[in-house]
Amino acid sequence: MEGPRGFNGSQGAQGPSGPGGPAGPSGVSRLDDCRFWDYSSTSDFLGSTELDWLRPEANHTMMGVHCATEGGTYTHLEHRSQGQGVSEYRCVCYGQVNDANIVFTNRKCTINWWQCPTT
């Protein structure tokens, strides 16, 4: 025959911290040096409006990339990787606003982004 189970004792002291991990990949280093950019193109409503592929300047990265349209109905932000951590983006705009109160004679497609230094 066994007696009742006892109580857990107090927890021991925490051990020493382990060694630091390896350095992570480089990132944006100076947010104060980030600049806002935008690029637009205007076309008629036949087909889509496709902007050129854009890439960041050397030692920079593109952040917060966004597409917008005036006179169009929707946008598509496209991304492709060019290797070595370099990304390119472009915006494609489609459609035509159909509203009797707003008349657009063409469709404007805009891509805007923040470009920040990585070094």
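## A tour from Cys67 outwards

Start by selecting Cys67: leaving aside residues up to four places away in sequence, Cys67 touches Thr75, His76, Leu77, Arg90, Cys91 and Thr110, where contact means heavy atoms within 4.5 Å. Before moving on, note that this is a predicted model, in which local features need pLDDT of at least 70, side-chain atom pairs count only at pLDDT 80 or more, and totals for chains, interfaces and linings use all residues. Residues are numbered from 1 along each chain as its sequence is written, and side-chain values use heavy atoms, with hydrogens and water left out.

**Stop one: the core**

Keep Cys67 and add Leu51, Leu54, Met62, Val65, Tyr89, Cys91, Cys93, Cys109, Ile111 and Trp113; together they make up the largest nonpolar core, 11 residues in all. A nonpolar core here is a set of buried Ala, Val, Leu, Ile, Met, Phe, Trp, Tyr and Cys residues joined through side-chain atoms within 4.5 Å. Buried means under 20% relative accessible area, exposed over 50%, and partly exposed in between (1.4 Å probe, protein chains only). At least two residues of this core come from each of strand 3 (60-70), strand 5 and strand 6. Strands are DSSP runs (E, at least two residues), numbered from the N terminus.

**Stop two: the sheet**

Switch to the cartoon and find the open sheet of three strands, whose order is 2-5-4 with antiparallel pairing. Its edges are strand 2 (49-50) and strand 4 (74-81), each pairing on one side only. Two strands pair if DSSP finds at least two bridges between them. Strand 4 and strand 5 (residues 87-94) run antiparallel over eight bridges. To trace that pairing, pick Tyr74 with its bridge partner Tyr94 in strand 5, then Ser81 with its partner Ser87. The hairpin formed by these two strands has five residues between them, and Gly83 in the turn has a positive phi of about 80°.

**Stop three: salt bridges**

Now show the charged side chains. How many salt bridges does a search of the whole structure find? There are five, counting a side-chain nitrogen of Lys or Arg within 4 Å of a carboxyl oxygen of Asp or Glu.

Select Glu88 and Arg55, whose closest N and O atoms are 2.9 Å apart in a salt bridge. Glu88 lies in strand 5 and Arg55 in the loop between strand 2 and strand 3, so the pair ties together parts that are 33 residues apart in sequence. Glu88 is buried at 8% relative accessible area, whereas Arg55 is partly exposed at 45%. Glu88 also forms a salt bridge with Arg80, at 2.6 Å between the closest N and O atoms; Arg80 is partly exposed at 34%.

Next, pick Glu78 and Arg90, a salt bridge with its closest N and O atoms 2.6 Å apart. Glu78 is in strand 4 and Arg90 in strand 5, 12 residues apart. Both ends are buried: Glu78 at 19% and Arg90 at 16%. Add Glu50 to the selection to see the salt-bridge network that links Glu50, Glu78 and Arg90.

**Stop four: Arg107**

Finish in strand 6 (residues 107-117), where Arg107 is found. What is the nearest side chain of opposite charge to Arg107? That is Asp44, 5.7 Å away, and Arg107 is buried yet has no salt bridge. Lys and Arg count as positive and Asp and Glu as negative, with His and the chain ends not counted. A polar atom of the Arg107 side chain lies 2.6 Å from the backbone oxygen of Gly47.

Terms used:
Helix = DSSP H or I, 4+ residues; strand = E, 2+ residues; numbered from the N terminus. Polar contact = N/O pair within 3.5 Å; in protein donor to acceptor, adjacent residues only side chain to side chain.
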